[in-house]
Structure formats: structure tokens, C-alpha cells
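The following account leads the reader through a protein model, from its overall composition to selected local sites. Please keep the sequence and the coordinates at hand while reading.

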Amino acid sequence: MTAIARREEQLWSRCAGCASLLYRKRLRRNLDVCPECGEHARLGAPERLRQLVDPGSMRPLSDLLPEADPIDFVDVLPYPHRLTAARASTGLAEAVVCATATIGGHPVALAVMDFRFLGGSLGCAVGELITRTAERALDDRIPLVLVTASGGARMQEGALSLMQMATVSQAIAALREAGLLTVSVLTDPTYGGVAASFATNTDLVLAESGARMGFAGPRVIRQVTGRALPEGFQTADFLLRHGQVDMVVQRRSLRGRLVALLAATRAGRAARAGHPPVPRQEPASRRERLADDDAALARPAGPAAAVAPSPTSGVGQTTAVRDAWDTVRMARHPARPTTLDYLDSVFDGFVELHGDRLGGDCPAIVGGVARLAGRHVMVIGHQKGHTTAELVARNFGMASPAGHRKALRLMRLAARLGLPVVTLVDTPGADPGVSAEEQGQAAAIAENILTLTVLPTPVLAVITGEGGSGGALALAVADRVLMLENAVYSVISPEGCAAILWPDRSAAPQAARALRLTAPDLCRLGVVDEVVSEPSVAAHGDPAETAHRLRAALLANLLPLLDVPPAMLVRLRRQRFRRFGTTRGVNRAGVR
Ligand SMILES: [Zn+2]
């Protein structure tokens, strides 16, 4: 996988760029950059840390977490076997290494991802470790530096993997609020859920020379569009040209650039505060709290707890008989009510608002003000359609960056006007297209996720049909998350998961079962708070009755939120998404 295709012990390695045979020690002295062609070979996290931090300054942060297999995932191999193999081959506990250190004398907290470990995938443990690193930065009032390398979410942890995008993003938001610098360094490759969260919603985004970053991968885009991709697509220089990164940096200059940025921002902070920055404020209390957390985490997490029936999920029994794959087909049924249908049947007086104010109006996202039982709300949802013409006109409900930015504008507007936000989620995922990537799809999703974690107004999300990965989450970080009985919510489509892990798209029904993407499953995992039952003929069989039930559920969940002060809403929302970092949280949700 790495550009250095041979093993450490060997003296020689072949450059992935120019195929030169290089003496390994010389290559290492050159920071693993080919002296012949400048190709930047991928680095493991320990080597990356060695290159970036001041010698002797590094203090590793604990990577002790309980074993996690939150959804008992099995493809051709059980997930724990894959974890064991990754640990053996890398010597790491997880796909990220976290530490505090100084860089040019400036204290920082760092989280460095390692692509060798299950493709740097973002699982619950990775999310938890990065979140803790961000919290450490907040406690110590020091900048956070993230070095990303990831293929995206960790499919084997299903929607819980998706939740990590929100968990880490809200930790970034807390640093933003505290005026502490966050920097991400994109290294090759950075994709999917990592690209669409903490890789791009930091204050500064640096791309290492040769790094590629995007939400959708080139293979997927090529398959979907059937077109050749532009030269240099998603490379660091492409990202710079399209305004998505602050700079492209050669590896040998990376440390120096970080020092300069840390020095500049530290000077600003000191000037603001009127005195030089002081180190940690409450070292003891924070350490004690972490110790408590660790003690709680050390308790074994039985897989049975994660799938135990939840007493709050009243519909579990009626849907248990339906196979997950049948539910997927139901969720995609062309006659299933759309957001505009619900705006007509559940809400009154919808006034649609258009445009992102940056040059686009995405038809796959509709939004505007409406009334729900006489109360004014901001409604934002994905719009599919019933006919082929409608679906094409709406891009099958796949939002472009303009769509996400329109949603962001309306969310912020709602908060300013004191309107609660209701989102209706029904999308196969974000738009897998060339222009979507050019226009910064990953950053657009990342900003929505971050903004929703701190939006000072009630947010109620409903997964009405398909909740497809980051594109869905961009509208679904909410105080309460409801899900229609035959909707699905998943980190990846069953077809996509099957193609990667089985690897055969015809295994999609098995993948659908393994991913735990149905409403009762997600209710048990705590990803969803309540299942809204559908008529026995399903939503498309009786849209009027479905609308009636949805309206009742919306009111029952929204009215209590209206009495909660905004600051407390945000605090509770943060707690809701913070708990997904650990299996402990899963258990708590499971036995709730
Ligand atoms: Zn080379």
C-alpha cells in the first residue's frame, strides 16, 4: 500500500513515482521523499511525529480503549480478526497516534493518523482518541494539530463510525469558540468521512505535496459519471487551485511552516489576552476526570449489550420480521413520500427560500419557513422525486456543495430568527461528481456538521427514506433524531460495502444485514432516538396516514425542546454526540 512497497528490513525500496531503486537509509534521511523525482512516500504515524515535533518533547496520550466491535460485524472475516491483524502489522493500538509535544518550542496537542492501520479508517476508537486530544488542547489552551490519512469511515462499525464525524467536529467547534488554533495537515490519502469533518473544518488546512483529498474517491466518481477525470484531480495543487487549502507544503518545509503559523497565532492570542500564554489551567482536575473515564472504559463491553432490545423502541417487534435488504428497497421505493410531499401534508404555509449566496441553488435540497401546528419552523430536506424526470431534475436527492451551503445559510438564519430547525433526510449520499469535488464538497459537509453541533436553536432531524453517509449527517446532527420505520441510515450503501469487503456487489443483502442500518437497530445503538411507525402498507402505500404519524411525532419531540434555553440545548446535543466515541456510550444507549 505504501509508496515504499517493501518491508522495513530491506535495504532498498522502489520509488512509487519514478520506480528508481533507492537506498532505504538515504531515503529516510530525505524524510522519505524520493531524491530523484520528489515523490512523497506515505509515512506511518510514529515516523511522522518524529519529523514534526521537537526531539524529546513528545508525551504520548493514552490509547487504551476497550475492544470495540459495536455491531458484531462480519464480512468474509469477523471484524476483530481484521483489528488483530492490523495491530500485529503496525504495532499500533489504533489508526491514530496522539500526543502532546512542542513544535519549535510551541506546545501543541497532535493526533496523527496512520493509513497502514485499516486504511486509517475512522472508527469509534479513532474518534474517541482524536476527541480526547482536542479536549486536552482545550484544557491546556494550546493549538490542535491533526495530520490526516484515511480512506474514510470504518464500515465495520456502521453508523457509529458516521457519528464520529460529529463527535470530533464538536470538539473542533469548542476550540473555535475558545479562540484556539486548529490546523489540519492533509496527507495522502484523505477521503470520505475524515475529509468531510476534521480534515477540513479546522482553521487552517495545509496539504502535503502530493496528497490527495476528497469526499468521494476517484474510482467511485469514474464509475458513476462514466467519464475520465481531469488531470491531477483531487491532488494538493488541484485543491489549492480550487480554494480548498491554505497552502501546499513540501515535506521538508512542513515543520517550518507549522512553527511559523503557531508563532503568529500565539502572538495574536497573547496580545488579545494582554499577557503571554500560560500553560494548563486545571491540570489535576482534568487528569482526574480522564482517570475516571478510563476506569469506566476499562469495564468489558459485552457485544450482547449493544444489540439488546431497547425498551424505548416500541416498534422493534413489528420490524424484526422484515429483512434489512427489504427495508433498503422500501426506503428507496419511488412512490415513497418526498420532502415536498411532507411539506404539503405535514406542514402549512411553506415558503421556499433559494440559493447559497455564493453562486448556486441546488435542487436536491429544499428549505424554507413553514408552520407546524401553528408554530413557525425552518424546514430543510433532501428532495428526490417520483418520476425519472423529477429524480434527474433533483439529482436523485444528492446535494451539491451549493446545497449544503444553502442548508447552512438557512440553519444560521433560523438560529438568528429564533426558529427551530426541522430536517428531513432522504439521500443516497452526497453528489459523487467532479464539480462537487472541485467546489469543496468535503469542507461543505464538514462545516454543516460542525455548525449543527453548536447551533443555538432546537434541531429535530427525521430520516424519512435513505440516510446515506456524510451527505445525510450534514442535516442530521440534532437534539432528537427520528427515523421512519422503513427508512435506512448507513455509513455506506450496502452495494458499496459489498463491493469493498466481500468483494462482490451481489453480496449487498448480506452487507445490509451486517451494517445494522434499520431503524430498530439504530434505535438500540442510540444513533436514533425514536422510530416513527409506518402503516402496514408502508409509507408509499398510505402517505396520508404516514404524514399524520410523522406530524404527531414531530410535535411530541419538538415542543419539549422549545422550552430549553439555547445554551443548554447545545450542551445536551454535545453530550448526545460525545457518547458515540466509546463503546461505553453504546452500552449506555443499549440499556437505556
Ligand atoms: Zn522517485
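The model is predicted. A convenient point of entry is the pairing of strands around strand 8. Strand 7, which covers residues 182-191, runs parallel to strand 8, and 4 bridges join the two. Within this pairing, valine 183 stands opposite leucine 204 of strand 8. Strand 8 is also joined to strand 10 (residues 247-249), again in parallel, by 3 bridges. Here leucine 206 is the residue that stands opposite methionine 247 of strand 10.

How many of the residues of strand 8 are buried? The strand spans residues 204-208, and 5 of its 5 residues are buried, so that it is mostly covered under the cut-off of under 20% relative accessible area. In a regular strand, side chains alternate between the two faces of the sheet. In strand 8, Leu204, Leu206 and Glu208 lie on one side, Val205 and Ala207 lie on the other, and both faces are covered.

These strands belong to a protein with 26 helices and 18 strands. The protein has 592 residues, of which 58% count as buried. Among its contacts with a separation of 6 or more, 73% are made by residues 24 or more positions apart. The accessible surface comes to about 22900 Å², and carbon and sulfur atoms hold 55% of that area.

The zinc site comes next. Which residues supply the protein donors of the zinc ion? They are Cys15, Cys18, Cys34 and Cys37, each through its SG atom, lying 2.3 Å from the ion. In sequence these donor residues follow the spacing C-x2-C-x15-C-x2-C. The arrangement is tetrahedral because the 4 donor atoms subtend angles of 104 to 113° around the zinc ion, and four donors count as tetrahedral if all angles lie between 85 and 135 degrees. Two of the donor residues may be considered for their exposure. Cysteine 15 counts as buried because its relative accessibility is 7%, whereas cysteine 18, with a relative accessible area of 32%, is partly exposed.

Two aspartates illustrate a backbone feature. Aspartate 32 has phi near 60°, a positive value in a residue other than glycine. This residue is placed in the loop between helix 1 (24-29) and helix 2 (45-52). With a relative accessible area of 2%, aspartate 32 is buried. Aspartate 72 likewise is not a glycine, yet it has a positive phi of about 50°. The loop that holds aspartate 72 lies between strand 3 (59-60) and helix 3 (79-90). Is aspartate 72 buried or partly exposed? Its relative accessible area is 29%, and therefore aspartate 72 is partly exposed.

The backbone also contains cis peptide bonds that precede proline. One of them leads from aspartate 188 to proline 189, with omega near -10°. Proline 189 is in strand 7, the strand that pairs with strand 8. Another cis peptide bond leads from tryptophan 502 to proline 503, with omega near -15°. Where does proline 503 lie? Proline 503 is found in the loop between helix 20 (494-501) and helix 21 (508-515).

Histidine 333 is another loop residue, lying between helix 13 (324-331) and helix 14 (339-345). Histidine 333 is partly exposed because its relative accessible area is 30%. Its side chain reaches the backbone nitrogen of alanine 335 at 3.0 Å. Histidine 333 can also be related to a residue elsewhere in the sequence: alanine 539 is 206 residues apart from it along the chain, and the C-alpha atoms of the two are separated by 9.4 Å.

The account ends with aspartate 529, which lies in the loop between helix 22 (519-524) and strand 18 (530-532). Aspartate 529 counts as buried because its relative accessibility is 10%. With which side chain does the side chain of aspartate 529 form a polar contact of 2.9 Å? The partner is the side chain of arginine 576. A polar atom of the aspartate 529 side chain also lies 2.7 Å from the backbone nitrogen of valine 481. Aspartate 529 thus combines a buried position with polar partners at arginine 576 and valine 481.

Notes:
Residues numbered from 1 in each chain as written. Predicted model: local features only at pLDDT ≥ 70, side-chain atom pairs only at ≥ 80, totals over all residues. Heavy atoms only, no water. Helix = DSSP H or I, 4+ residues; strand = E, 2+ residues; numbered from the N terminus. Buried < 20%, exposed > 50% of the residue type's maximum accessible area, 1.4 Å probe, protein only. Contact = heavy atoms within 4.5 Å. Areas by Shrake-Rupley, 256 points an atom, 1.4 Å probe, with all protein chains shown as cover. Pairing = 2+ DSSP bridges. Polar contact = N/O pair within 3.5 Å; in protein donor to acceptor, adjacent residues only side chain to side chain. Donors = N, O, S within 2.8 Å, 3.2 Å for Na, K, Ca; no water. Tetrahedral: all angles 85-135°; square planar, octahedral: opposite > 155°, others 65-115°.
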